[in-house]
Amino acid sequence: AMLTLFRCATLEDWTDIMYINIYGCDTQYGGAHGTYKGLNGELPYVELGEGNVKIETDYGGFPVNECWSPKPQPVLSAVFFLLFVLISGFVIMSLFVGAVCGGM
């Protein structure tokens, strides 16, 4: 969760995370329909079972799509991401200004 918030705070593809929350995690924006490739470019082995949908790669096994609550939240997620991006942008800008002024 903290890595996701850091990704949004640094504005690194934060719109993908917003779209997952707007449309629900079971849609095409949620990653369930993505193509996962290994290091050699081939599709890795996917183990399907009751309660465990995971993908085996060269780095180990990872869950393909953990979607517990696919309910879309369009208004709430748009307001949250707008406020979060604005506030985190001001915090990062103040840290940058503080570092520049402290170095003088």
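**Figure 1. Contacts across the whole predicted model.** Among the contacts in the protein with a separation of 6 or more, 45% are between residues 24 or more positions apart. The model shown here and in the views below is predicted. Three helices and three strands make up the protein, and along the sequence they follow the pattern α-α-β-β-β-α. Of its 104 residues, 14% count as buried. The close-ups that follow stay with the helices and with the loop between helix 1 and helix 2.

**Figure 2. The largest nonpolar core has five residues.** Welcome to the core: Cys8, Ile17, Met18, Ile22 and Phe81 are its members. Which helix gives the most to this core? Helix 2, which spans residues 14–23, does so with three residues. Cys8 is a good place to begin looking around. Once its neighbours within four places in sequence are set aside, Cys8 is in contact with Trp14, Ile17, Phe81, Phe84 and Val85. Two of these partners, Ile17 and Phe81, are listed with Cys8 in the core.

**Figure 3. Helix 1 meets helix 2 at an oblique angle.** Helix 1 covers residues 2–9, and its axis comes within 8 Å of the axis of helix 2, with a crossing of roughly 120°. That angle makes helix 1 oblique to helix 2. On the helix 1 side, look for Thr4, Arg7 and Cys8; on the helix 2 side, for Trp14, Asp16 and Ile17. Sorted by class, the residues of this contact are three nonpolar, one polar and two charged.

**Figure 4. Helix 2 packs against helix 3 in a roughly antiparallel way.** Here the axes of helix 2 and helix 3 (residues 74–102) lie 8 Å apart, at an angle of about 155°. Parallel or antiparallel? With this angle, helix 2 is roughly antiparallel to helix 3. The crossing of the two helices is right-handed. Helix 2 brings Trp14, Ile17, Met18, Asn21 and Ile22 to the contact, where they meet Pro74, Ser77, Phe81 and Val85 of helix 3. This contact of helix 2 with helix 3 holds seven nonpolar and two polar residues, and no charged ones.

**Figure 5. Helix 1 and helix 3 cross roughly at a right angle.** The axes of helix 1 and helix 3 come within 9 Å, and the crossing is at roughly 75°. The two helices are therefore roughly perpendicular to each other. Leu5, Cys8 and Ala9 represent helix 1 in this contact, and they meet Phe80, Phe81, Phe84, Val85, Ser88 and Ile92 of helix 3. In the contact of helix 1 with helix 3, eight residues are nonpolar, one is polar and none is charged.

**Figure 6. Phe84 and Val85 of helix 3 both contact Cys8.** Follow helix 3 to Phe84 and Val85, two partners of Cys8. Phe84 is 76 residues from Cys8 in sequence, and the C-alpha atoms of the pair are 8.0 Å apart in space. For Val85 and Cys8, 77 residues apart along the chain, the C-alpha separation is 6.8 Å. Are these two helix 3 residues buried or partly exposed? Phe84, at 21% relative accessibility, counts as partly exposed, whereas Val85, at 16%, counts as buried. Their partner lists, again leaving out neighbours within four places in sequence, are worth tracing one by one. Phe84 touches Leu5, Cys8 and Ala9. Val85 is in contact with Cys8, Leu11 and Trp14.

**Figure 7. Leu11 and Asp13 have positive phi values in the loop between helix 1 and helix 2.** Most residues other than glycine have a negative phi, which makes this loop a nice spot to pause. Where does Leu11 sit? Leu11 is found in the loop between helix 1 and helix 2, and its phi is positive, near 60°. Leu11 counts as partly exposed, at 49% relative accessibility. Asp13 lies in the loop between helix 1 and helix 2 as well. Asp13 is not a glycine, yet its phi is positive, about 60°. With a relative accessible area of 40%, Asp13 is partly exposed. Leu11 also links this view to the one before, as a contact of Val85.

Terms used
Residues are numbered from 1 along each chain as its sequence is written. This is a predicted model: local features need pLDDT of at least 70, side-chain atom pairs count only at pLDDT 80 or more; totals for chains, interfaces and linings use all residues. Side-chain values use heavy atoms; hydrogens and water are left out. A nonpolar core is a set of buried Ala, Val, Leu, Ile, Met, Phe, Trp, Tyr and Cys residues joined through side-chain atoms within 4.5 Å. Buried means under 20% relative accessible area, exposed over 50%, partly exposed in between (1.4 Å probe, protein chains only). Helices (H or I, at least four residues) and strands (E, at least two) are DSSP runs, numbered from the N terminus. Contact means heavy atoms within 4.5 Å. Axes are lines fitted to C-alpha atoms, for helices over the stretch in contact, and angles run from 0 to 180 degrees between N-to-C directions. Angles under 35 degrees count as roughly parallel, over 145 as roughly antiparallel, 65 to 115 as roughly perpendicular and the rest as oblique. Ala, Val, Leu, Ile, Met, Phe, Trp, Tyr, Cys and Pro count as nonpolar, Asp, Glu, Lys and Arg as charged, and the others, Gly among them, as polar. A crossing is left-handed if the near helix is turned anticlockwise from the far one by less than a right angle, and right-handed if clockwise.
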